[in-house]
Amino acid sequence: MISPLPDTIEWRQSPGLVPYRQALDEMTARNAAIAAGAARELVWLLEHPPVYTAGTSAAVAELLDPRFEVVEAGRGGRYTYHGPGQRIGYVLLDLKRRARDVRGFVHALEGWVIATLGDFGVESWRAQGRIGIWTRDIDGREAKIGAIGVRIRRWVTMHGFSVNLAPDLSHFGGIVPCGIEEFGVTSLARLGLEVDSQAWDRALLARAGEFLAMLDKPCPPETDR
C-alpha cells in the first residue's frame, strides 16, 4: 500500500507491550520537539500492559478497584483503562500548520475511528454529552468501543484514541470508564469479529489522508460532538 501520509509525518507501529509511563515520557519529549521544529509529526500505534490512566477531570470515587498501576496522564477526560488487545493511537500533529481548531481536531479524530470501524462492518457514532465512540452491543444496548483523550501543548497535539479489538473487558470493572456508569464497554471480539492489530492499522492508514484533510478546515459550528 502506498501511504497516504506525507513524509513530514512518521507512522510508527510498536511491537509487544509498551509501558505507559515510557510512552508518556516519549510523547512529551516528541511534542516539545515538534513544537520547536526539531522533529517530524507522529502517528504512533501500540498497546500497553494493563494500566488505569487518570485524566485532568478524574474523580477519585470513580477508581473502584485499583488492581493495576494508576498513572496521571495529563490529558483531558477521566479514568481510562489500557491493556493488551486494545489498540492505542497517539497522534502528535502541529495544528499551527492546519486550521488551529482544537474542536475540529477532536471531531476529525473521532471520525477517523468511526470510518475505520465501518470498514469492518461496525456502525459506530458520537453521542451527545458522552465522550468516546459508541456502538450497539450484543444485548442491543449502547456501549463504548473506543475512547478519545487529547492534550494540546503549543498547538501540538498529544494522546489520541483507543479502540477495543479484543481486550479483557473485565479489566474495565476497576473504574467507571470515562465517568459514565450507565453504559457498558464492548469490543470487536465481543461483537464476533476477529481483527488483529495489523489489520486494524492497515485500515486506519488507508483513511489517514481523509483524516488529515479534515484538519485543514475548522469544525462547522452545527456539528454535534
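Biologist: How do the residues lining the second largest cavity divide into nonpolar, polar and charged?

Modeller: In this predicted model, that lining divides into 5 nonpolar, 1 polar and 4 charged residues. The residues are Leu-95, Arg-98, Ala-99, Arg-100, Asp-101, Gly-104, Phe-105, Met-214, Leu-215 and Lys-217. Gly counts as polar, so Gly-104 belongs with the polar part of this lining.

Biologist: And what makes the space a cavity, and what is its volume?

Modeller: A cavity is a set of points where a 1.4 Å probe fits but cannot get out. The volume of this second largest one is about 50 Å³. The structure holds 3 cavities of 30 Å³ or more, and the largest has a volume of about 80 Å³.

Biologist: Nice. Which residues lie nearest the centre of the largest cavity?

Modeller: Of its 14 lining residues, those are Thr-80, Gln-86, Lys-144, Ala-147 and Phe-172. Strand β9 supplies the largest share of the lining, 4 residues, while β5, β9 and β10 each give at least two. By class, the lining has 8 nonpolar, 5 polar and 1 charged. Lys counts as charged, so Lys-144 is that charged residue.

Biologist: Let's turn to the strands. Why is β3 called covered on both faces?

Modeller: Buried means under 20% relative accessible area. In β3, residues 51-54, Val-51 and Thr-53 on one side are buried, and so are Tyr-52 and Ala-54 on the other. Each side therefore falls under that cut-off, and both faces count as covered.

Biologist: How do you know that β3 pairs with β4 and with β5?

Modeller: Pairing needs at least two bridges between the strands. There are 4 bridges from β3 to β5 (residues 79-82), running antiparallel, and 3 to β4 (residues 70-72), running parallel. Both counts meet the requirement, so both are pairs. Tyr-52 takes part on both sides: Tyr-81 is its bridge partner in β5, and Val-70 stands opposite in β4.

Biologist: Last topic, the largest nonpolar core. Which residues touch the most other members?

Modeller: Phe-105, Phe-161 and Phe-211 do, out of 33 residues. Helix α2 (102-119) is one of the elements supplying at least two residues, and α2 gives the most, with 8. Apart from this core lies another of 18 residues, among them Ala-35, Trp-44, Val-71 and Ala-73.

Biologist: And what does Phe-211 touch beyond four places away in sequence?

Modeller: Phe-211 touches Val-91, Leu-93, Phe-105, Ala-108, Leu-109 and Trp-112. Contact here means heavy atoms within 4.5 Å, so each of these six has atoms within that cut-off of Phe-211.

Technical notes: Residues are numbered from 1 along each chain as its sequence is written. This is a predicted model: local features need pLDDT of at least 70, side-chain atom pairs count only at pLDDT 80 or more; totals for chains, interfaces and linings use all residues. Side-chain values use heavy atoms; hydrogens and water are left out. Buried means under 20% relative accessible area, exposed over 50%, partly exposed in between (1.4 Å probe, protein chains only). A nonpolar core is a set of buried Ala, Val, Leu, Ile, Met, Phe, Trp, Tyr and Cys residues joined through side-chain atoms within 4.5 Å. On a 1 Å grid over the protein atoms alone, a cavity is a set of points where a 1.4 Å probe fits but cannot get out, and a pocket is an open set with protein on both sides within 12 Å along at least five of seven lines; lining residues have an atom within 4 Å of a point. Grid points are joined across faces, edges and corners, and a volume is the space filled by probe spheres set on the points.
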